[in-house]
Amino acid sequence: MSEPVASVALQETAAAMVAGHRGLLAMDESISTCNKRFASVGIAQTEDMRRAYRELLITTPALAECINGVILVDETLRQMSTDGTPLAQIARNAGMLVGIKVDTGAKALAGHPGEHVTEGLDGLRERLQDYFRLGARFAKWRGVIAPAPAGRWPERPSSACIEANAHALARYAALCQEAGLVPIIEPEVLMDGDHTLARCAEVTEQVLHSVFEQLVCQGVMLEAVILKPNMVVAGLGCADQNTAEEVAAATVLCLLRTVPGAVPGIAFLSGGQTAVDASCRLNAMHTMFGPSSTAVPSNRRHPLPWPLSFSFARALQHPALDIWAGQHAHRAEAQSALLHRARCNRAALQGLWSLEIEAR
Ligand code: 5MM
């Protein structure tokens, strides 16, 4: 029996999002986050500056060599470039898919101080239909999980927080597929804190188990989702930091234990890592576990069932934002910085990244 046309289209979109050793550019900062980033480099926090910045990113020459799709926010999806072309149209004309962040943010979880649950399900069905009409073909929802070291009281994350976020992600995903959009499932275990890499691995594994259980429970087609997880890393405040190889090994093991092979792709968030660390760790995953790896003994090597890619925001954008600083005259240089980061990450997806490439 042949598959319904809608399922085939969703699967094709999902495959296209991670194809060709390319990744996604997350430029879906909410207005408040974007303003915060602008404030940190002295840029005026206005709608027109956000529009100008997003236009700069989307019109970067040759970006589509490395980027399959861009994740926008509602404001950007409705904005026009200086010459009156919709920004989303510019992305599509350049060969990039358009995605849209549809959650309305992480809100305090009642009864669990310090923990959050992401909201945005009310009215989502109608919003998704509108986004599809505006040309979006995938969507994104981020759940936020804050880990504390094992043994600290109260236990963080709580099972209430993990389950509430996993449930919301699954309901969002089912609505996306119904509307013809591929859902990016982003359960982020934060890097803030002093937890170890082992603790991050434990929590990430717990979170991903819960997410996939909920996806199955809500009848989500796993062949048409993209997972956007954190890499398994020690908290930024942990005295014991790890090598790129240790991060790569822990991350891949965690994913092998939790993510079904039916999932067409995994695209990491950068989460506050430096741009170079994010590329270096992504590269290590490919040199250690990619098809031509010799680092892992053949009897212990798992062929990865899904492509590993990137869906970075800060690790792609930050050098460009710093250079641009709101100055039209810095536009071309900022675009070169963005393209450079995109190329470094594309090299990482082939295990070809090096400090030499980084320095070019
Ligand atoms: C974790 O944040 C996502 C990936 O960005 P990084 O690579 O910088 O970690 C990012 O897409 C995030 O979800 C958006 O910037 C939206 O964030 P807010 O908090 O503004 O909704």
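## Strand β7 and its partners

G143 stands opposite P187 in β7. This pair belongs to a predicted model, in which strand β6 (residues 138-145) and β7 run parallel to each other and are linked over 8 bridges. On the way from β6 to β7 comes helix α7, and β6, α7 and β7 together make a right-handed β-α-β unit.

β7 also pairs with strand β8 (residues 226-227), again in the parallel sense, over 2 bridges. Here I184 of the one strand stands opposite I226 in β8. The connection from β7 to β8 passes through helix α8 (residues 197-217), and this β-α-β crossover is right-handed.

Strand β7 spans residues 182-189, and 8 of its 8 residues are buried. Its side chains divide into two sets: V182, I184, E186 and E188 point one way, while P183, I185, P187 and V189 point the other way. Both sets are buried, the glutamates E186 and E188 included.

## Nonpolar cores

The largest nonpolar core of the model has 103 residues, and I67 and Y172 have the most contacts inside it. Helix α7 (residues 159-179) gives this core its largest share, 11 residues. Another core lies apart from it and has 15 residues, among them M17, I71, F138 and A224.

Leaving out residues up to four places away in sequence, Y172 touches V102, L121, L124, A139, K140, W141, P183, I184 and I185. Three of these names recur in the account of β7: P183 and I185 point one way from the strand, and I184 points the other way. The contacts A139, K140 and W141 fall within the residue range 138-145 of β6.

## Helices α7 and α8

R171 is also in helix α7. With a relative accessible area of 38%, R171 is partly exposed, because that value lies between the limits of 20% for buried and 50% for exposed. Beyond residues up to four places away in sequence, R171 touches L121 and Q218. L121 is also among the residues that Y172 touches. R171 and H116 are 55 residues apart in sequence, and their C-alpha atoms are 17 Å apart in space.

In helix α8 lies S210. S210 has a relative accessible area of 10% and is therefore buried, the limit being under 20%. Its contacts, not counting residues up to four places away in sequence, are I162, E163 and A166. These three positions fall within the range 159-179 of helix α7.

## Ligand surroundings

The ligand is surrounded by 17 residues, of which S30, T33, K140, S270 and G271 are the closest. K140 is also one of the residues that Y172 touches.

Distances to oxygen atoms of the ligand can be given for three residues. A backbone N or O atom of G271 lies 2.6 Å from such an oxygen, and a backbone N or O atom of A313 lies 2.8 Å from one. For R314 the contact is made by the side chain, with a polar atom 2.6 Å from a ligand oxygen.

## Cis peptide bonds

A cis peptide bond joins W153 and P154, with omega at about -5°. A cis peptide bond also joins R156 and P157, where omega is about 5°. P154 is found in the loop between β6 and α7, and P157 has its place in the loop between β6 and α7 as well. The loop belongs to the stretch of chain that enters the right-handed unit of β6, α7 and β7.

## Positive phi angles

H21 is a residue other than glycine with a positive phi, near 55°. H21 lies in the loop between α1 (5-17) and β1 (23-26). Its relative accessible area is 41%, so H21 is partly exposed.

A325, also a residue other than glycine, has a positive phi near 45°. The loop that holds A325 runs between α11 (314-324) and α12 (331-348). A325 counts as partly exposed because its relative accessibility is 23%, a value above the 20% limit for buried residues.

Technical notes. Residues are numbered from 1 along each chain as its sequence is written. This is a predicted model: local features need pLDDT of at least 70, side-chain atom pairs count only at pLDDT 80 or more; totals for chains, interfaces and linings use all residues. Side-chain values use heavy atoms; hydrogens and water are left out. A nonpolar core is a set of buried Ala, Val, Leu, Ile, Met, Phe, Trp, Tyr and Cys residues joined through side-chain atoms within 4.5 Å. Buried means under 20% relative accessible area, exposed over 50%, partly exposed in between (1.4 Å probe, protein chains only). Helices (H or I, at least four residues) and strands (E, at least two) are DSSP runs, numbered from the N terminus. Contact means heavy atoms within 4.5 Å. Two strands pair if DSSP finds at least two bridges between them. A crossover is right-handed if, with the strands pointing away from the viewer, the path from the first strand over the helix to the second runs clockwise. A residue is near a molecule or strand if one of its heavy atoms lies within 4 Å of it. A polar contact is a pair of N or O atoms within 3.5 Å; within protein, one must be able to donate a hydrogen and the other to accept it, and residues adjacent in sequence count only if both atoms are side-chain atoms.
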